[in-house]
Structure formats: C-alpha cells, structure tokens
There are 2 protein chains.
Amino acid sequence: MASDARYDELVALVREEALLSSVSATLEWDEDTAMPDAGVANRARQQALLAGLVHERATHPRRGELLEALAGVSLAPDEAINLRELRVQYDRDRKVPRSLAEALASEISLAAVAWSDARDRRDLAPFAPHLARIFELKRAEAQCLSSGDLYDALLDDHESGMSMRMLAPILDALARELPPLIDRARGARDRIDPAILRGDFPELAQRELCEWLAEAVGYDFAGGRLDGAIHPFTIGLGPGDCRITARWDETNLTEGIFTTLHEAGHALYEQGLDVDQWGLPCGMQVSDAIDESQSRLWENVVGRSPGFWRFLWPELGRRFPALASRDRDAYLRAVCRVEPSPIRARADELTYHLHILIRIEIERALLAGDLAIADLPAAWDERYRQLLGLTPRDVTEGCLQDGHWSAGLVGYFPTYTLGDVYAAALAGAAARELGELDDLFARGETAPLREWLRTRVHRVGCRLAAHELIEAAGQAPSADALLARLRARLDWLDAG
Amino acid sequence: MASDARYDELVALVREEALLSSVSATLEWDEDTAMPDAGVANRARQQALLAGLVHERATHPRRGELLEALAGVSLAPDEAINLRELRVQYDRDRKVPRSLAEALASEISLAAVAWSDARDRRDLAPFAPHLARIFELKRAEAQCLSSGDLYDALLDDHESGMSMRMLAPILDALARELPPLIDRARGARDRIDPAILRGDFPELAQRELCEWLAEAVGYDFAGGRLDGAIHPFTIGLGPGDCRITARWDETNLTEGIFTTLHEAGHALYEQGLDVDQWGLPCGMQVSDAIDESQSRLWENVVGRSPGFWRFLWPELGRRFPALASRDRDAYLRAVCRVEPSPIRARADELTYHLHILIRIEIERALLAGDLAIADLPAAWDERYRQLLGLTPRDVTEGCLQDGHWSAGLVGYFPTYTLGDVYAAALAGAAARELGELDDLFARGETAPLREWLRTRVHRVGCRLAAHELIEAAGQAPSADALLARLRARLDWLDAG
C-alpha cells in the first residue's frame, strides 16, 4: 500500500521533534558525565529553549490538521498504530503550555547540579528549593493533564493507562506477603557471611569486567559506551547511540556487576527497537514499566541465577585471582542475602519493594502538599524505621539517594515494582518456550532469551500496550509470578 | 541611557541563535570525545537540523527590520558596536542558503568519523569522498559569499577584512627569512641531544601535571575540564563552560605540556570574554587570528621561555623524579630544538610556518579545483620534500594529520601564522608595560600577563578589529616582531 502523503508529512514533523529530543538527551548525558558546574545556568537555558522547540513541534496546529485528515483514511497496520498513538500524545501535549515545558526543562538542569552539591555536603538545604520547585511544576503539569488525582496523572504519563487503583492489588499483595518472607529470610541471612564479597577490586579492572559483561549479555558497543555515574542510568541519543553508566565500589564487585546488568537490560531494549520506525510509536519503548522489566529481568532473573554465576565465575576468577579460593555458591548466597538497607538501588530483591512503597507514599504526599520539603527527612526516616527497621545515616542514604526527583521523575517509582512484576511474567513465558533458563545461562547462552525478548518486546514498540504485551506472553499482570520467584529464591537460600 | 526596545528585541533574537550554536558545539564536543561510531548518521541529522535553526534565526527578516530600524538611532557605545557588527554578520549570513548550511553541518559530522577511520587504517580512501564533498560545499559557500577570489572569501570568514594580498608581505617575509634561519639553527641542533626528553611518563600522571599547568596559567576548572583528543582543541559551550583537550605521549612530556598550554591560551580568551555581552559581538572573540595569538602566546612566548621553565622544572621533578638528574637548560634546548618534522602541531617555532605556507598553497589548489583529492598525497609529499626536506611516512603524518578540513576549516591555516605575528606584537607591548616577562614567569607569576591580555584583548571582544587591537598595543602587524623573537631564540640556542 502506498503511503498517504499526509502521513509522510506527519512522520517528518514527528521525527523532527524526536531529533530535537535526542539533542536534548545528548545534553543531558553531558550534564551527568562531563559538564563543569559553572556551565549549569547556560545549560538550563539551552534545555529550556530545546524544550520549547520540542513543544512547538509536538503541539503544532499542522500536526492536529494532519491527524484529523488521516482519521478516516485506510493506512497500513503500523501506520494506523502510529496514528492512534500520536493522537493520544498530541492531545496530551496540547494540555501542557510551552512555558511550563520550558520551566521544567530549565529547573531539571539546575536541580541536577544542586542535588549533586547537596550530596557532597550531605545536607538537603542546597537542593531543597529546587525540590520544592520541581514538585510545584509537576503539580502544575498534573493539573494540566487531568482533573482527577494528581498522582495518577503523572503515573499515567510514565505508564499509559495505569492508576493507583489498578496498581493497588499488586502493591497490597506485596505489602502483605513480603514482610513475612523477609522474616523467613532471617535464618539464611544469619548463616551467610557477606565478608566473602569484600576484597580489593581496582576500578579500571572492574570497568573492563563490566564491558565484558555488557557484551556478554548482548549490548552492542559499536553503538554505545559504558561510563561511571553516581546514580547509573541508560540514555538513548538516537539510532546507533545508546549509552550506559555503572557505579563501582573498589571493595565489592557486586555494585558494578548489577548496575551494569540493570542498565544493559534497558539498553538491549533500546538497541532492539525497530529502527525503521525510529521516532514513531512503533519504534519506541511502550512504557517505563516495560522498560524497567527489561533492566530488572537482566539484573535479577539472569544476574542472580545460579546458572549465570556458573558462567560468570571462571571469568571473575581470571580477572580477580583472589576470588579463585572462594566458594561460588557461598558468594552468590551473599549476593542474594536478604537484608534491609537504606539504599533502594542496592537493596535485595525482597526489601526492594518496601523502598518503592515508601517512595510512592512520600511522593504522593509531597505532590498533594501534605508533606513540606522541610519535613521530608524526618518523614523519610520515620517510614524507614517502621517498614525496614533502620535509619539512614544522613540524607545521602535518605532522600538524596537517587536523582529521580531532580530529573523531574515524579510518579516513576511504581514502574520499578511493576517492572519486576512484568519481568517475572516474561521470564516465566520465556522459560515455557525456551526450556530451563538457568541451563542456558550456565552455558553462557544469553542469546535465546535476548532474541525472545527482541521478538516479544523490543521490536514490538507500541504495537501492543504494556498489559497486552504481558498478556500475549500468557500471564495477566499480578504479583503472583514475582512472589513465586521470590519464594523460590528463599528456598534456594534456605537450602544452602 | 535607556536601551531601545527594538535593540532588546534584536539582542533576544541574536542570543537565541547563540544558544542554539552552543548546543551544536556541545554535540561537537561529544562527537570528538564520546560518541560511538554508529551514532554518526543520527548526529549528522541533529547537526543539520540545528544548523538550519541557527540559520533561520541568523537570517530572519525580523532581524533585518530591526537592524534597519535601529540604523539611525542613538545607542550606547557598546550597543552601536554590536549593531554595526551584527549588520555585517546578517549581510554575510543572508548570502548562504539554509540548505547549504545544513549540508555543511551534516557533512562535517560524517567527515569527522571518516577522518578518524582513515587515520586508523592509514589510508586516505575512506576519507577521500568526504574531503571532496567538504571542498565542494566550501567552494559553494565561497561563491555565495563573494564574487572575488574564493580563498579570500573563506579567509575573510575567519579573519574579517583579511585577504591573501594583505597577507602576502608577511608570508613572503617568512618564506624569505625563515630558510636561512633554519639553516643557521643546524649548528645548535647537532649539539643538542633530544634523547634527554625521553622517558616513561604514565598518561594519568601527565594528565594531572597538565591540570596543574592549565591552572597555573589561570585556566578556571570550575568552568572547564581537560580531556584527551587525537587532535587537541578548545571549545566554548556557553558562559561557564569552556573545555580543553590535550594529547599525551607516554615517552615524552612535551606533547602534553605544549598542547595544554596552547589550548589553555584559547580558553583564557574564552573565559576572559565580557560575559554581560555573551552572544553579542562585544562579548565574542574578534577573529580567529587573535584567538590563535592567545594560544600561541602561551605555548611559545610563555611556554618556551627559560623563565617559565625555572618555575616549571621543580614541579616536573616532583611529579617525575627521573627528571631530577637531568639538566634543565639542556632539556629546554631539546624542547626548542629546530628540526623539520612532518607534523605541524609538533613543529618547532621556525619550521612551523613552512607547514602553513604548504597548507595554504594546497588548500587554495583544492578549492580552485587545480588539485584533485586523488593527487593530494603525492602533491603533499612533493612540497614537504621541497620545503622541509622530508617525506611523511604515511598519510597520518601527511594530509590526515589534523582535523581542520574534516571540520570544514578551509582558509583557517593563515590564522596560525598571523596569530604568531600578533602574539609577538602583543608580547612586546606587554613587556614594555610589565617589564621583563621572563623574570615574572620565573617567579611563577603569570597573572600580570594574563590580566594585561584580559584588558587589552579578552574583554575587548569586537570593540576593536583585529588589526586595531594590535595597533592599540603599539605595533602595526608585520613579520618583524615575530622574526626578531625567533632570532632571539636562535641566539639563546647558540649560546648553549
């Protein structure tokens, strides 16, 4: 079928917007890895200008005309899907005024540097006004997007169609089921000596290990690179350029290994997108939770499996001879040990979701104005004491521990838990088709799972909604598969 | 005097253009330091889009209207200067069609990766079609800019008001005077043992030395950073963000020291600009030759002076104890030794200008179509044999040795020689006011010279034209001061 000329014009408009967004992403990468602090004011102006240009293209009346004109036209299937999704995006983007988009982009640049400064000083104060402004702007954005619940409006922006009401059964199940499981894990915890993880692992050697590891799971360095970052992230800068970052601890390899696997999981999704559809819904990640399902699948399902460690262990021994005398199973048990910690990104698989429950609760309160920024550290500490039984040493272990809020990501945290739920469902479906995944991993065979994900998730783009993707893999989203996976992990720990 | 509202509107338009250009520069920095090769096609599209947006603002009819409307208006002195220079820029920019600006921006991105690939393979072939296309586009640009000599049109773009006719007395004097001086240098050359420069200098330690060195001459790291690059460069990404790069040779410190001093010299100019006038002519480098005068002043006048080495030597000894047993004067003589080499950027101060003479000749022939790309390596080798008495080992020592052409810099090379001419004039004027510079340098006092340059050059911006700046310092531009400086260097070498 010959494409409609109006469709082609629409695509050109959309791709120019995508190209400008990719410019903005390149600046963001630079901010997070290279920019000197004194450059932040100009960077904020650059980002605001780009946000305005993106907004102009996203909301251009010509786009609306083309969407209208194409509404009744018979298009190829992918074109029809793109049209449907672009309509949704257009209606969404028209609700947010350009000035707000510009103000948010500017504030996000300024806030990132303030966050980093506050971390250095271990004091919320330098970041507090920026955090207040971010929540103020996100509140304004939420009010533009929906007349309903403010938090739902932002959640929907990360996970189209999702609401706290729909999430409740999953979050409630985890809130109910996890504490007894964490209690049960105490026995294994006391038998495991985490000292086995400690040693002297120079950063350069770890970086090389992590490059090898990222390549081993299929990350393509011809179109990427791996750098260090305080709070690791993955960023796509357009076709052929998707970069990952990791964090290294010179006394413990696991920080580098698991941040790399997590970010490589995101990057495999990006690198697996349908490049012919670049910039269009069919060539885009369908949702943030599906994106997190990919990172958490490689981090947790692959990265913490005994099979994968049978493959990984000889390589670790070659690179770090001191490990040769240690016991692989004891090492992995220490890796998987369940123990509450103040840092979400370093949490074990079970307590992880308690962090998410707290974060959702706190950011909802901040957004609603029920919690003042000044009261944040105390509220944070109180909830951590109640749910995890610990108190952060200072704000770098507390409310400054990650850069989500400074990046304007409010309503994002639910996608981590949902990502784990989706990952468990996808892993189950993959195993039904590919056989026992652990056996594949033990032979270093990551390609079958990766190719399965390419077909079922990566190349699908927005052709299926997030829940449809999961249902197509044979499971309605629920906490069951995740809880089953976590119980199996405890069984394995108990057997050690 | 209250500013005219139309002037303010003009400034806003101009600053938006400058901001977009600074975005493009950020992408360029990323291309040269971080971008994976597979990202190049998308990067070329990003740069073409930005070039189009810059062009749109540079040539916007509203800008023309405002320039017209303000023509007879009484403005503050800086405003009047900005208006005058913006008029010139506008008339210039209107001559180049947007499509050509976009094509050039795209080709420059593609060419940089091809150049790097060709260097890796030591073969012109992968770069040849890009080089042909660059010269074709630059030819088209020159034809748009002027109906006169094509090379003059491009030279004028780097050095406003300059022409080959005006440059001729300087180039002719150097072509006449340098060969006998280079002959004269043979005696000293044979007495100097360059082996004194060799040793084992790990890159990390050199990087730290160069950070110290850049700071010692006044480069502000709060608004900058230092990275490695095959062909070092300085790039300003807007107020508070001016980055430098250097190249290290682990067997010889001089590569790192002199690339750092050269780039720090550029950066001091950028960091010394009048930030209140950012994006406007009064807050910009007046010309590329004045820019090069700053880099070559710090590289050659400061960096090769015996005084500066009295200050530098103890620091080198602390960082590289193997140097402690070497003789400082013998070391500096080896640094300043006059010996033809195929690489311009590593040339001594005398033979350097023979490289420039060859480059001007060759790029004029390429631009005029008198020399085909296919014949470039042979023509290159022949001229190097004739003028410098040597033959490059391969194209990485020949026509691929630097990235100027791949960056679209045709007609730029004259600014190096002119920069040295200006640097000699400025250094002479500074010495008349500040006293013997060498004595200051020996005490590590670089601030007086830097502050002198701040006042007389950096903060002046475009308030004075290049030749006016030099004349204001008391010297009409000629080769005399440079030749006098080079003769003094030979006297010093002969005295050793």
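## A walk from the β3 strand to the A–B interface

Start by selecting Gly236(A) and Cys242(A): Gly236(A) stands opposite Cys242(A), which belongs to β3(A). Keep in mind as you go that this is a predicted model.

Now widen the selection to strand β2 of chain A, residues 234-236, which pairs with β3(A) in the antiparallel sense over three bridges. The two strands form a hairpin with five residues between them. Click on Gly238(A) in the turn, where phi is positive, about 115°.

Next, add strand β1 of chain A, residues 226-228. This strand pairs with β3(A) in the parallel sense, again over three bridges. Here Leu226(A) stands opposite Ile244(A) of β3(A).

Is β3(A) open to its surroundings or enclosed by them? Select residues 242-246 of chain A: five of the five are buried, so the strand is largely enclosed by the rest of the structure. In a regular strand, side chains alternate between the two faces of the sheet. On one side of β3(A) you will find Cys242(A), Ile244(A) and Ala246(A), and on the other Arg243(A) and Thr245(A), all of them buried.

Stay on Arg243(A) and bring in chain B. Arg243(A) forms a salt bridge with Asp30(B), with the closest N and O atoms 2.7 Å apart. Between chains A and B the count is two salt bridges.

Finally, show the whole interface: 36 residues from chain A and 36 residues from chain B take part in the contact. Highlight Leu19(A), Pro36(A) and Leu49(A), which supply 19% of the area that chain A buries against chain B, more than any other three residues.

How values were computed:
Residues numbered from 1 in each chain as written. Chains lettered and ligands numbered in written order. Predicted model: local features only at pLDDT ≥ 70, side-chain atom pairs only at ≥ 80, totals over all residues. Heavy atoms only, no water. Contact = heavy atoms within 4.5 Å. Buried area = accessible area lost by both parts, 1.4 Å probe. Salt bridge = Lys/Arg side-chain N within 4 Å of Asp/Glu carboxyl O. Buried < 20%, exposed > 50% of the residue type's maximum accessible area, 1.4 Å probe, protein only. Helix = DSSP H or I, 4+ residues; strand = E, 2+ residues; numbered from the N terminus. Pairing = 2+ DSSP bridges.
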